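Here are some short exercises to work through with the model open beside you. Try each task before reading its solution.

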Amino acid sequence: MSRKDAHAFAASLAATLMVSIVVFQAGDGTFGAVPADEIDGDEVRVVAEVDPWA
């Protein structure tokens with residue numbers, strides 16, 4: 001997904017699940033969003049973190 005879509009998806013997930021969501025860029029250049037406790041850091045670059053409590 002695009003970076004813009006990943007940020008929008010992360011904001012929606014954070015508001016729905018009420019957990020911190022990490023937006024990352026994978027080694028192949030694609031972007032994604034997952035809950036912060038599920039990111040392992042292998043071959044991804046963290047772009048942003050969306051915290052629903054902040």
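**Exercise 1: the first strand and its partners**

Task: find out how covered strand β1 is, and which strands pair with β1.

Solution. Start with burial: five of the six residues of strand β1 (residues 21-26) are buried, so the strand is mostly covered. Buried means under 20% relative accessible area, exposed over 50%, and partly exposed in between, with a 1.4 Å probe and protein chains only. Helices (H or I, at least four residues) and strands (E, at least two) are DSSP runs, numbered from the N terminus.

A word on the source: this is a predicted model, where local features need pLDDT of at least 70, side-chain atom pairs count only at pLDDT 80 or more, and totals for chains, interfaces and linings use all residues. Residues are numbered from 1 along each chain as its sequence is written, and side-chain values use heavy atoms, leaving out hydrogens and water.

Next, the pairing; two strands pair if DSSP finds at least two bridges between them. β1 runs antiparallel to strand β2 (residues 31-35), joined by five bridges. With strand β3 (residues 44-50), β1 pairs in the antiparallel sense over six bridges. In β3, V46 stands opposite F24.

**Exercise 2: the surroundings of Q25**

Task: place Q25 and list what its side chain reaches.

Solution. First, Q25 belongs to strand β1, and its bridge partner in β2 is F31. Then look at contacts, meaning heavy atoms within 4.5 Å. Leaving aside neighbours within four places in sequence, Q25 touches T30, F31, E43, V44, R45 and V47.

Now the polar contacts: pairs of N or O atoms within 3.5 Å where, within protein, one must be able to donate a hydrogen and the other to accept it, and residues adjacent in sequence count only if both atoms are side-chain atoms. The side chains of Q25 and R45 make one of 2.7 Å. The Q25 side chain also reaches the backbone oxygen of G29 at 3.5 Å. G29 itself takes a positive phi near 95° in the hairpin of β1 and β2, which has four residues between the strands.

**Exercise 3: the sides of the helix**

Task: which residues of α1 are buried, and where do they lie around the axis?

Solution. The buried ones are A6, A10, L13 and A14. They lie on the same side of α1, because they cover an arc of only 100° around the axis, taken from the directions from the helix axis to the C-beta atoms. Their cover includes β1, β2 and β3. On the face turned away from the buried side are the exposed residues K4, A15 and T16.
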